[in-house]
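Visitor: Please take me through a close look at a single part of this model. I would like to begin with the backbone and then see how that part fits into its surroundings.

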Amino acid sequence: MEIKGKVFVFGNDVNTDEIIPARYLYTHNPQELAKYCMEDARPGFGKRDDIKGGIIVAGENFGCGSSREHAPISIKAAGISCVIAKSFARIFLRNCINIGLPIVEVKDTAIFKEGDIISIDFNKGIIINENTGKRLEFGSYPDFMKEIISHGGWINYAKNLIKGEKE
Amino acid sequence: MGMTLTEKILSDKYGREVKQGEYILLEVDIALANDITAPIAIEEFYKTRLSKVYNPDQIVLVPDHFVPNKDIRSAMQVKMIREFAKEQGIEKFFELGTMGIEHVLLPEQGIVKSGDVVVGADSHTCTYGALGAFSTGVGSTDIAGVYIMGKAWFKVPEVIDVYVEGKFGKYVSGKDFVLKLISTLGVSGANYKAMEFRGPGIKNISMDSRFTISNMAIEAGGKTGIFPVDEITQTYEEERGIIAEQLSADDDAYYIKQIELKLGDLEPQVAIPFLPSNSKDISEIEKRRVRIDQVVIGSCTNGRMEDLRAAASILKGKKIDKNVRCIIIPGSQQVYKEAVKEGLVDIFVDANCAVSTPTCGPCLGGHMGVLADGEVAISTTNRNFVGRMGHTGSKVYLSSPVVAAASGIKGYISSPENL
Ligand code: SF4
């Protein structure tokens with residue numbers, strides 16, 4: 001899998017209240033949630049036209065706080081194609097794997113600037129900044145997570161499993 | 001090599017010895033969801049076109065965040081859950097009038113017990129670690145997975161050993177302990193890891209304080225925070241008709257990190273905006289004379305009887321400052337009833353506090369006490385992120401019930417010592 005898109009830079013400890021504030025949790029409709037994606041970190045972000053296909057780059061502990069799956073759902077529905085961070089909060093990471101929002105953990109995010117165009121090669125584990133030509137490598141997921149991803153998410157994995165047990 | 005508490009609980013359920021770092025697929029005892037997270041799980045379940053959930057007895061549904069329903073859309077979400085519960089024969093659906101804030105309700109009703117493996121689509125599911133259960137927050141899709149096949153996936157976590165000595169001083173309780181711990185570890189200091197509490201000081205920590213401590217394990221990124229099962233746990237479980245075996249980690253268990261905390265050295269703590277890890281001693285904060293507009297006493301962190309008793313001991317015969325609103329929220333119907341019976345509600349009403357029915361309400365800026373731009377609150381809840389309790393221009397300070405109550409009387413953040 002390869003992804004190419006424009007970079008949007010955020011800071012450390014971006015929590016799920018900032019990604020999708022509680023005042024919008026009266027709904028679980030992805031298109032509705034998409035409008036308020038990152039609303040309290042960058043107001044109006046979810047309603048911008050230029051974020052489709054974009055890539056969020058953040059610091060440490062992205063997605064900390066509440067377990068709300070509305071957070072990765074709003075990011076995915078807003079058309080963001082991948083989130084790169086120095087580290088992810090545990091439940092957020094789990095939710096991304098389960099719903100199929102691609103994420104990448106990298107040690108250093110200094111080569112990414114707001115508006116840069118970057119491409120990510122998931123098979124080779126390489127990110128290239130098209131503006132500067134700089135390259136960055138990243139490690140692959142553990143096998144168990146690869147299994148879930150290859151099934152297209154946790155629900156499909158579960159369905160397959162119960163099918164297998166019945167046969 | 002001996003085993004941690006986490007390894008013991010998970011090995012017992014898995015049927016063979018599990019090791020730190022291993023991924024396992026495990027049948028859970030309880031899968032919890034609330035009015036915000038259940039609708040997504042239910043929708044995912046319906047998409048599979050299966051007609052029946054794997055086991056209705058595993059499933060717990062507690063609408064508590066926007067309940068009593070704040071508006072039409074939240075009413076629609078609860079309606080969906082109610083109908084799902086009926087259709088699937090889920091008995092542990094808690095309607096208004098029988099409910100409580102999920103993490104107060106489940107242990108209180110004996111729904112989760114020592115040694116259980118619990119997942120909840122709510123980050124504070126780690127609360128039940130207080131009972132010696134392995135319980136952790138997950139997402140809605142994980143819960144849908146349990147509806148489908150009864151199981152969830154786990155990575156057996158590495159463990160941080162929190163070694164506790166001594167005894168709490170006056171006006172110091174579980175909240176101060178956990179705020180100090182989080183400031184020591186940082187907001188992601190325990191990411192992917194479990195914390196286990198150990199040492200001679202454990203016996204001096206009450207059950208309600210243990211719930212407060214385990215509740216906030218997630219604020220350091222922790223997967224869970226587990227107490228051993230000792231006489232205190234056994235007494236609590238016995239009151240609910242549950243027989244719990246004592247359980248603790250082996251002496252030679254492997255820990256990734258060790259932290260020592262002396263209960264006697266602790267001062268009341270206040271976490272200043274905008275991270276729960278920003279905690280400071282009350283003596284330092286008091287000097288800043290931080291004016292407040294609102295006090296909130298309640299939540300899954302501090303909405304139990306010990307908390308309300310502590311608040312009442314400060315508020316008795318006093319009045320809340322005329323520039324301050326004070327909202328007190330018993331964590332469950334049972335806590336509410338006991339608070340009435342013990343005369344605590346009288347004390348609160350006489351002190352000009354508003355006493356609410358159990359709800360998450362203001363904790364997440366949902367309803368029943370949302371903050372305006374520029375307003376400041378001191379709250380016994382667990383998060384003080386930007387906009388957590390309302391407007392992004394508002395601020396939340398976190399503390400224990402005694403500090404929150406004392407601050408309400410004074411009008412600025414202050415120690416109960418100097419009333
Ligand atoms: S009281 Fe607050 S932290 Fe606890 S479950 Fe409710 S919203 Fe979450």
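Guide: A good place to start is Pro68(B), which lies in the loop that runs between strand 3 (59-62) and helix 3 (72-88) of chain B. The model is a predicted one, and the geometry described here should be read as belonging to that prediction. In the model, the peptide bond that joins Val67(B) to Pro68(B) is cis, with an omega of about -5°. A cis peptide bond is also found from Pro273(B) to Phe274(B), where omega is near 5°. There Phe274(B) belongs to the loop that connects strand 11 (269-271) with strand 12 (279-281) of chain B.

Two further backbone details concern phi. Tyr192(B), although it is not a glycine, has a positive phi of about 70°, and this residue is found in the loop between helix 6 (174-185) and strand 8 (194-198) of chain B. Its relative accessible area is 33%, so Tyr192(B) counts as partly exposed. Ser299(B), likewise a residue other than glycine, has a positive phi near 85°, but it lies in helix 10 of chain B, and with a relative accessible area of 5% it is buried, the cut-off for that class being under 20%.

Ser299(B) leads on to the ligand, since it is one of the residues around that molecule. The full shell consists of His65(B), Ile101(B), Glu102(B), His103(B), Asp122(B), His124(B), Ser299(B), Cys300(B), Cys360(B), Cys363(B), Asn382(B) and Arg388(B). Two elements of chain B, helix 4 (102-108) and helix 10 (299-302), give two or more residues to this shell. Sorted by class, the shell has 4 nonpolar, 5 polar and 3 charged residues. Domain 1 (5-263) and domain 2 (269-418) of chain B each supply at least three residues to the shell around the ligand. As for the space that the ligand takes up, it is the largest cavity.

Away from the ligand, helix 5 of chain B deserves some attention. What can be said about how this helix is enclosed? It covers residues 140-149, and because 10 of its 10 residues are buried, the helix is largely enclosed by the rest of the structure. Those buried residues are, in order, Ser140(B), Thr141(B), Asp142(B), Ile143(B), Ala144(B), Gly145(B), Val146(B), Tyr147(B), Ile148(B) and Met149(B). The helix is followed by Gly150(B), which has a positive phi, near 80°.

Strand 6 of chain B spans residues 151-155, and Lys155(B) lies in it. In contrast to the buried residues of helix 5, Lys155(B) is partly exposed, with a relative accessible area of 37%. Its C-alpha atom is separated by 10.0 Å from that of Val18(B), although the two residues are 137 apart along the chain. A second pair of positions can be set beside this one: Glu284(B) and Arg309(B) are 25 residues apart along the chain, and their C-alpha atoms are separated by 26 Å. Glu284(B) has its place in helix 9 (residues 282-287) of chain B, and its relative accessible area of 37% makes it partly exposed.

It remains to place these details within the chain as a whole. Chain B has 14 helices and 17 strands. Its radius of gyration is 20 Å, close to the 22 Å that the globule rule gives for 419 residues, so chain B is as compact as a globular protein of that length. The C-alpha trace of chain B spans about 55 × 55 × 40 Å along its principal axes, and of its 419 residues 65% are buried.

Chain A, for comparison, has 6 helices and 7 strands, which run from the N terminus in the order β-α-α-β-α-β-α-β-β-β-β-α-α. With a radius of gyration of 16 Å, close to the 15 Å given by the globule rule for 167 residues, chain A is therefore as compact as a globular protein of that length. Its C-alpha trace spans about 55 × 40 × 25 Å along the principal axes, and 61% of its 167 residues count as buried.

How values were computed
Residues are numbered from 1 along each chain as its sequence is written. Chains are lettered from A and ligands numbered from 1 in the order in which they are written. This is a predicted model: local features need pLDDT of at least 70, side-chain atom pairs count only at pLDDT 80 or more; totals for chains, interfaces and linings use all residues. Side-chain values use heavy atoms; hydrogens and water are left out. A residue is near a molecule or strand if one of its heavy atoms lies within 4 Å of it. On a 1 Å grid over the protein atoms alone, a cavity is a set of points where a 1.4 Å probe fits but cannot get out, and a pocket is an open set with protein on both sides within 12 Å along at least five of seven lines; lining residues have an atom within 4 Å of a point. A molecule sits in a cavity or pocket if more than half of its atoms lie within 2 Å of its grid points. Helices (H or I, at least four residues) and strands (E, at least two) are DSSP runs, numbered from the N terminus. Ala, Val, Leu, Ile, Met, Phe, Trp, Tyr, Cys and Pro count as nonpolar, Asp, Glu, Lys and Arg as charged, and the others, Gly among them, as polar. Domain bounds come from an automatic or database domain assignment. The radius of gyration is taken over C-alpha atoms; the globule rule is 2.2 Å times the number of residues to the power 0.38. Buried means under 20% relative accessible area, exposed over 50%, partly exposed in between (1.4 Å probe, protein chains only).
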